[in-house]
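Thanks for coming, everyone. Please have a look at the model on the screen before I begin, and we will then go through a few of its parts together.

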Amino acid sequence: MESSRRYGQYTMNQESTTTRVMEKPPFDRSISQDSLDELSMEDYWIELENIKKSSENRQEDQEVVVVKEPDEGELEEEWLKEAGLSNLFGESAGDPQESMVFLSTLTRTQAAAVQKRVETVSQTLRKKNKQYQIPDVRDIFAQQRESKETAPDDTESQSLRTNENKYQGRDEQASNLVGEEKLIPPEETPAPETDINLEVSFAEQALNQKEGSKEKIQKSKGDDATLPSFRLPKDKTGTTRIGDLAPQDMKKVCHLALIELTALYDVLGIELKQQKAVKIKTRDSGLFCIPLTVLLEQDQRKVLGTRIPLIFQKLISRIEEGGLETEGLLRIPGAAIRIKNLCQELEAKFYEGTFNWESVKQHDAASLLKLFIRELPQPLLSVEYLKAFQAVQNLPTKKQQLQALNLLVILLPDANRDTLKALLEFLQRVIDNKEKNKMTVMNVAMVMAPNLFMCHALGLKSSEQREFVMAAGTANTMHLLIKYQKLLWTIPKFIVNQVRKQNTENHKKDKRAMKKLLKKMAYDRDKYEKQDKSTNDADVPQGVIRVQAPHLSKVSMAIQLTEELKASDVLARFLSQESGVSQTLKKGEVFLYEIGGNIGERCLDDDTYMKDLYQLNPNAEWVIKSKPL
């Protein structure tokens with residue numbers, strides 16, 4: 001009988017896996033035009049072999065996550081729920097008005113993605129003869145078009161409208177430089193820097209490129225021109241990062257990110273299949289093989305507000321204590337038997353504070369860090385989106401791969417995203433010492449890719465050719481995650497603008513409902529409108545904003561808006577005050593926030609030009625405060 005072994009959280013066949021690890025697929029130049037030779041893949045195959053040896057010494061009975069393949073229509077139904085559109089079907093389907101505002105803010109590609117899923121769910125429900133009302137998709141989108149046509153065109157809506165032509169020429173130039181990249185480009189070649197357009201929907205960019213640049217794309221596929229290096233563009237209204245928005249707005253961002261990601265994959269003809277982990281019993285205490293959320297709940301009882309597992313933090317700090325200049329750091333494994341013993345000792349003594357960290361060698365700490373990632377009951381990149389992360393390698397251009405990764409990072413659960421960020425920041429610090437440790441971004445990507453992606457990659461029964469492509473593709477994705485982490489943790493401006501538009505439309509709807517209610521209750525409507533006007537206009541001269549710091553100072557500051565005034569200038573003025581709490585505060589402890597108007601709450605980056613933002617959100621309040629834990 002053929003024996004099986006558990007790698008991390010998935011059961012896989014030992015014999016076939018060993019064959020694939022020991023006899024790595026031959027390199028085939030036809031796979032890619034990029035110069036990635038067999039030697040540069042060596043680290044990947046050696047890491048797989050090390051993982052195999054490590055697993056042989058971990059005999060504990062680990063839980064296996066069962067991944068459920070959804071039935072027909074279930075996938076789309078789940079997708080609509082995740083996108084915040086569950087009231088388009090089911091018992092509440094009779095009144096889809098709640099989703100009309102949301103649908104009215106979608107781009108044509110986003111609307112097409114929603115329509116496609118609604119049609120599938122409708123057909124499935126009709127087949128199953130469900131009793132509740134099934135809306136006709138044409139009715140839903142007819143209402144959406146109607147609401148767009150009849151919507152009054154006020155100045156606030158105009159200020160939120162995205163100028164889709166602004167970047168189009170620049171995008172087309174960039175697309176000429178971007179070839180079909182499946183593998184990692186050589187690092188020695190200096191690459192031209194190109195702004196990545198965050199103002200226009202990614203799917204719309206892909207569609208415009210597809211419709212208008214077919215000849216150019218075909219030329220670029222055969223072109224060996226140097227691939228561009230992407231950077232964040234300067235945005236006068238400020239860059240929005242994950243963590244800058246209030247929870248209610250972040251929820252809307254996630255709904256839009258899922259729709260946008262699906263629309264992008266639809267336009268490019270790539271299948272996007274979400275998976276679902278069946279709930280199973282996992283250990284509810286310990287360090288290894290524990291769900292991230294359970295581990296964090298456990299850790300937060302020790303350290304209030306911690307967002308990254310304590311063992312994860314400690315392993316990274318232990319590696320750094322040994323010096324990041326050590327040659328072969330992350331690549332050279334610790335002794336397998338010693339790693340097994342350290343795991344058992346950590347489980348028993350970590351929380352008691354009696355574990356002797358001095359006994360942990362640097363390479364052992366690195367092996368334990370990778371083991372922690374592999375043995376999470378669900379992948380760090382999440383069961384739901386792991387396949388979507390793997391599919392990134394199939395997108396035609398580097399730019400589109402980055403766009404998809406940006407949306408996927410937004411979609412990760414908070415615990416997964418925060419832990420991934422801590423990992424990538426650490427990996428960048430390792431790479432910063434590449435002259436001494438010989439670990440370039442390419443080397444680190446090769447070593448780390450199997451630890452993040454291996455669960456499904458090793459489970460594939462595929463040809464050696466496909467196995468090589470999968471290995472190279474996941475290493476490429478790992479490379480992009482490390483190199484562009486700042487860009488990937490940014491919320492695209494077009495999505496923030498869609499959230500602003502939703503909030504504006506919801507405010508209008510609420511105002512109409514309030515007026516109706518007041519009329520019913522026989523109140524003086526004019527009186528209400530005057531009050532409403534006075535609260536909006538406030539007693540502030542034109543071109544001046546009033547900045548408050550209610551928790552720090554009793555006095556508010558009136559600040560004259562100029563073309564050059566930035567958020568950092570406002571903060572500097574507050575911190576330079578000679579009295580009060582502000583005297584003891586330092587830069588980085590407090591931040592300027594935009595609150596209300598067309599946004600719930602948004603932490604401003606230092607380079608935000610206040611006049612430009614004021615024009616985008618004239619009804620906002622401006623508050624200085626510290627970031628919540």
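How do the residues of the lining of the largest cavity divide into nonpolar, polar and charged? They come out as 6 nonpolar, 6 polar and 6 charged. Please keep in mind as we go that this is a predicted model.

Let me put that cavity in context. A search of the whole structure finds 7 cavities of 30 Å³ or more, and the largest has a volume of about 170 Å³. Its lining is made up of 18 residues, and if you want to find its centre on the screen, look for Asp 235, Gly 238, Thr 239, Thr 240 and Lys 493, which are the lining residues that lie nearest to that point. Strand 8, residues 490-491, and helix 23, residues 493-520, each supply at least two residues of this lining, and helix 23 gives the most, with 4 residues.

Now I would like to turn to the sheet. Here 5 strands form an open sheet in the order 10-9-13-11-12, with mixed pairing. Strand 10, at 557-560, and strand 12, at 599-603, are the edge strands, each of them pairing on one side only, and from one strand to the next the twist averages 30°.

At one of those edges, strand 11, residues 591-596, runs antiparallel to strand 12 and is joined to it by 4 bridges; Ile 595, for instance, has Glu 601 in strand 12 as its bridge partner.

Finally, helix 25, residues 567-575, lies across strands 9, 10, 11 and 13, and it runs at about 140° to strand 10.

Definitions and conventions. Residues numbered from 1 in each chain as written. Predicted model: local features only at pLDDT ≥ 70, side-chain atom pairs only at ≥ 80, totals over all residues. Heavy atoms only, no water. 1 Å grid on protein atoms, 1.4 Å probe; cavity = no way out; pocket = protein on both sides within 12 Å on 5 of 7 lines; lining within 4 Å. Points joined across faces, edges and corners; volume = space filled by probe spheres on them. Nonpolar A, V, L, I, M, F, W, Y, C, P; charged D, E, K, R; others polar. Pairing = 2+ DSSP bridges. Axes fitted to C-alpha atoms, helices over the stretch in contact; angles between N-to-C directions. Contact = heavy atoms within 4.5 Å.
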